[in-house]
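Reader: I would like to learn how to read a fold from its strands down to a single residue. Could we go through one example together?

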Amino acid sequence: MPKTDNLIQLAVIGAAHGIKGEVRVKTFTADPMALGDYGALLTKDGRLLEVVNLRPQSTVVVARFKGVNDRNAAEGLNGTGLFVDRSALPAGLDDEEFYHADLVGMDVRDNTGAIIGKVTSVQNFGGGDILELALSGHGEVLVPFTKAAVPEVSVSGRSITIDPVAAGLIDEEDDHDASHPELSPEKGTFDPKRRPRGPGTAGGNR
């Protein structure tokens, strides 16, 4: 069985497409068609899935995998994540490129440097990457992974810094109101011990 302890997720399989074993696949690669460049792909349970045909369709790709020849078999793959070993990926990334797997688990800091939570997942619903954050004592919030909302990412330091206003956690006008209950006494500082708001927008590329 292939090793599955150092995997990077490239895609997730969605619904069956047609009756001949094809499936819709949501990719996390910059070029969706690059999914076919990595050879056999791994699943979390150690299976290998080999792409034999791939074509773009709207915001996803439609794929056919070796040995998946009918709709029943295709439906059985729904929700399956597709991974490659990290060693198969390019070693160097551009300054504003990050692997989703590296972002998950990072500390979240506010604009004073205080740790206020963790990154729990990276989502993309078609409008750009969105970080799901677990803020101390307040569950999950969604923050657009844009340069404005997340001005700093430190891969070596395993942390990101968020701007509470750009992230939609507080309103811009509240930034000037020291009496607002969602701000700490220091102007513009998000206080995770108080009630967070949801993001004003959802999406956008960093």
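Reader: How many helices and strands make up the secondary structure of the protein?

Author: Helices (H or I, at least four residues) and strands (E, at least two) are DSSP runs, numbered from the N terminus, and here they come to two helices and 13 strands. This is a predicted model, in which local features need pLDDT of at least 70 and side-chain atom pairs count only at pLDDT 80 or more, while totals for chains, interfaces and linings use all residues. Residues are numbered from 1 along each chain as its sequence is written, and side-chain values use heavy atoms, with hydrogens and water left out.

Reader: Which strand does β1 pair with over five bridges in the antiparallel sense, and which residue stands opposite I8?

Author: Two strands pair if DSSP finds at least two bridges between them. Strand β1 (residues 7–17) pairs with β7 (residues 81–85) in this way, and I8 stands opposite V84 of β7. Five bridges also join β1 to β2, again antiparallel, with V25 of β2 as the bridge partner of I13.

Reader: Is T29 buried or exposed, and where is T29 found?

Author: Buried means under 20% relative accessible area, exposed over 50%, and partly exposed in between (1.4 Å probe, protein chains only). T29 counts as buried because its relative accessibility is 16%, and T29 is found in the loop between β2 (22–27) and β3 (41–42).

Reader: Which residues is T29 in contact with, leaving aside its neighbours within four places in sequence?

Author: Contact means heavy atoms within 4.5 Å, and on that basis T29, with those neighbours left aside, is in contact with L10, A34 and L35.
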